[in-house]
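Let us walk through this fold together, from a charged pair to the overall shape. Keep the viewer open as you read.

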Amino acid sequence: LSGIKSTGILKFFNDSKNFGFFVNETDCEDVFFHFDDIKDTKLSKDFLWEAKNKYLVKFAFNIQMYYGKHSNDSAPSKKAINVELLG
């Protein structure tokens, strides 16, 4: 778990599967997020789905490293947690 907040821009959101990706501004890598992790921002699924094509939405978040079904031993996946809306 990263104790340092990262920032990123909304890249994608799938409203039927409740997940999306941010583009991390530090390294330009994709960071996975689940809708449950951003509920505190009060943004709706509809807004997130439409925003990816209409608006530039910026978030701050911590990064949690994990090994999921699309990870390998040398490259764990990144998940955004403690997500805050910046603008």
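## Salt bridges across the chain

Aspartate 30 is partly exposed, at 36% relative accessibility; here buried means under 20% relative accessible area, exposed over 50% and partly exposed in between, with a 1.4 Å probe and protein chains only. Before going further, please note that this is a predicted model, in which local features need pLDDT of at least 70 and side-chain atom pairs count only at pLDDT 80 or more, while totals for chains, interfaces and linings use all residues. Residues are numbered from 1 along each chain as its sequence is written, and side-chain values use heavy atoms, with hydrogens and water left out.

Which residue forms a salt bridge with aspartate 30? The partner is lysine 11, and the closest N and O atoms are 2.9 Å apart. A salt bridge is a side-chain nitrogen of Lys or Arg within 4 Å of a carboxyl oxygen of Asp or Glu. This pair links distant parts of the chain, with aspartate 30 in strand 3 and lysine 11 in strand 1, 19 residues apart. Helices (H or I, at least four residues) and strands (E, at least two) are DSSP runs, numbered from the N terminus. Lysine 11 is partly exposed too, with a relative accessible area of 42%.

The whole structure holds eight salt bridges, and the table shows some of them, including the one you have just met.

| Acidic residue | Basic residue | Closest N and O atoms |
|---|---|---|
| Aspartate 30 | Lysine 11 | 2.9 Å |
| Glutamate 25 | Lysine 58 | 3.4 Å |
| Aspartate 27 | Lysine 78 | 2.8 Å |

Take the salt bridge between lysine 58 and glutamate 25. Lysine 58 sits in strand 4 and glutamate 25 in the loop between strand 2 and strand 3, and 33 residues separate them in sequence. Lysine 58 has a relative accessible area of 30% and is partly exposed, and glutamate 25, at 37%, is partly exposed as well.

Next comes the salt bridge that aspartate 27 forms with lysine 78. Aspartate 27 lies in the loop between strand 2 and strand 3 and lysine 78 in strand 5, so the pair ties together parts that are 51 residues apart in sequence. Is each partner buried or exposed, or in between? Aspartate 27 is partly exposed at 33% relative accessibility, whereas lysine 78 counts as buried at 17%. A network of salt bridges links Asp27, Glu29 and Lys78.

## Strands and their pairing

Where do these strands sit in the overall order? The protein chain has one helix and five strands, following the pattern β-β-β-α-β-β along the sequence. Strand 1 (residues 6-14) pairs with strand 4 (residues 58-66) in the antiparallel sense over four bridges; two strands pair if DSSP finds at least two bridges between them. Within this pairing, threonine 7 has alanine 60 of strand 4 as its bridge partner. Strand 4 also runs antiparallel to strand 5 (residues 77-85), to which seven bridges join it. There, glutamine 64 has lysine 79 of strand 5 as its bridge partner. In a regular strand the side chains alternate between the two faces of the sheet.

## The nonpolar core

The largest nonpolar core has 16 residues, of which Leu10, Phe22, Leu48, Phe59 and Phe61 touch the most other members. Such a core is a set of buried Ala, Val, Leu, Ile, Met, Phe, Trp, Tyr and Cys residues joined through side-chain atoms within 4.5 Å. Strand 1, strand 3 (30-34), helix 1 (45-54), strand 4 and strand 5 each supply at least two residues of this core, and strand 4 gives the most, with three. Leaving aside neighbours within four places in sequence, phenylalanine 22 is in contact (heavy atoms within 4.5 Å) with residues including Leu10, Phe59, Phe61 and Val83.

## A buried asparagine

Asparagine 24, in strand 2 (residues 19-24), is buried, with a relative accessible area of 2%. A polar atom of the asparagine 24 side chain lies 2.9 Å from the backbone nitrogen of threonine 26. Not counting residues up to four places away in sequence, asparagine 24 touches Ser6, Thr7, Gly8, Glu29, Val31 and Ile63.

## The chain as a whole

Of the 87 residues, 36% count as buried. The C-alpha trace spans about 35 × 25 × 20 Å along its principal axes.

Note on methods: A polar contact is a pair of N or O atoms within 3.5 Å; within protein, one must be able to donate a hydrogen and the other to accept it, and residues adjacent in sequence count only if both atoms are side-chain atoms.
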